[in-house]
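Student: Could you take me through one part of this model closely? I'd like to follow a single helix along its length and see what it packs against.

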Amino acid sequence: ELFIGAALGMAVQIGIAAAHITGELLSSAMGLNFSTMIDPFSGHGSPTISQALTMLASAIFLAGDFHLAFLQALFGSYVILPVGAMAPLGIGWTVATSGGIMLPAGLAVGFPALVAVPLVPVSMATLARSAPQLNIVAVGLPTAVFVGLIMLALALPVVAAGIGEATSRGLDLAQEIGGVR
């Protein structure tokens, strides 16, 4: 029972973890690692971009009725595996593969912004080479943050769709674990 519950929780966490990983990577690329807040989900500090994307993922989870699919998988697990029954042997492999879905989902969610932001230091290096008197440190960080936020705003529909797809994949996995499908 404990293992089935942990497996269902891990499967549902895929969409939110994808958003969190995207925020971590994007904040790191933008140079915003110093601006952290305490994350109520994980209990440790995470960048503000990661917090915003995690809240977006939570809103998508609720607005897309994914919580109802999770409850269906949870109740289905009690029908398939009554209290006191042994878990199927293949469930450990299913949980292990669900952990491997999170990083690729996080990269896919934020791909447009994650590709554009690392181009800023390259352009700043070119600018520093052509205009050595320019203070690149004073110009580089605000430019990276500006480009990152603009790219995130432009890519928000793609990011939201990616979070929804990652959450859907996680819920498909949860329904497979719960025996609903």
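Tutor: Happy to. H1 has a kink of about 45 degrees, centred on isoleucine 14. Keep in mind that this is a predicted model. The helix that carries this kink covers residues 2–30, 29 residues in all. From first C-alpha to last, H1 reaches 40 Å, close to the 42 Å expected at 1.5 Å a residue. Just after H1 comes glycine 31, with a positive phi near 85 degrees.

Now let's turn to the partners. Two packed helices are described by the angle between their axes and the distance between the axes. For H1 and helix H2 (residues 48–63), the axes come within 7 Å and cross at roughly 155 degrees. An angle over 145 degrees counts as roughly antiparallel, and H1 and H2 are therefore roughly antiparallel to each other. Their crossing is right-handed. On the H1 side, the contact is made by Val12, Gly15, Ile16, Ala19, His20, Thr22, Gly23, Glu24, Leu26, Ser27 and Met30. H2 brings Ile49, Ser50, Leu53, Thr54, Ala57, Ser58 and Phe61 to that contact. Sorted by character, the residues where H1 meets H2 are nine nonpolar, eight polar and one charged. If you wonder about the spacing in such lists, an α-helix has 3.6 residues a turn, so residues three or four places apart point the same way.

The other partner is helix H3 (residues 66–80), which packs on H1 at an angle of about 160 degrees, with the axes 11 Å apart. That angle makes H1 roughly antiparallel to H3. The H1–H3 crossing is right-handed. Here H1 contributes Ile4, Leu8 and Val12, while H3 contributes Phe70, Ala73, Leu74 and Ser77. This contact of H1 with H3 divides into six nonpolar residues, one polar and no charged. Notice Val12 of H1: it is listed in the contact with H2 and again in the contact with H3.

To complete the picture, look at how the two partners meet each other. The axes of H2 and H3 come within 5 Å and cross at roughly 70 degrees, so these two helices are roughly perpendicular. Ile60, Phe61 and Leu62 of H2 meet Phe66, His67 and Phe70 of H3. The H2–H3 contact has five nonpolar residues, one polar and no charged. Phe61 is worth a second glance, as it is listed in the contact of H2 with H1 and in that of H2 with H3.

Note on methods: Residues numbered from 1 in each chain as written. Predicted model: local features only at pLDDT ≥ 70, side-chain atom pairs only at ≥ 80, totals over all residues. Heavy atoms only, no water. Helix = DSSP H or I, 4+ residues; strand = E, 2+ residues; numbered from the N terminus. Expected span 1.5 Å × (residues − 1). Bend = angle between axes of the 7 residues up to and from the residue. Axes fitted to C-alpha atoms, helices over the stretch in contact; angles between N-to-C directions. Parallel < 35°, antiparallel > 145°, perpendicular 65-115°, else oblique. Left-handed = near helix turned anticlockwise from the far one by under 90°. Contact = heavy atoms within 4.5 Å. Nonpolar A, V, L, I, M, F, W, Y, C, P; charged D, E, K, R; others polar.
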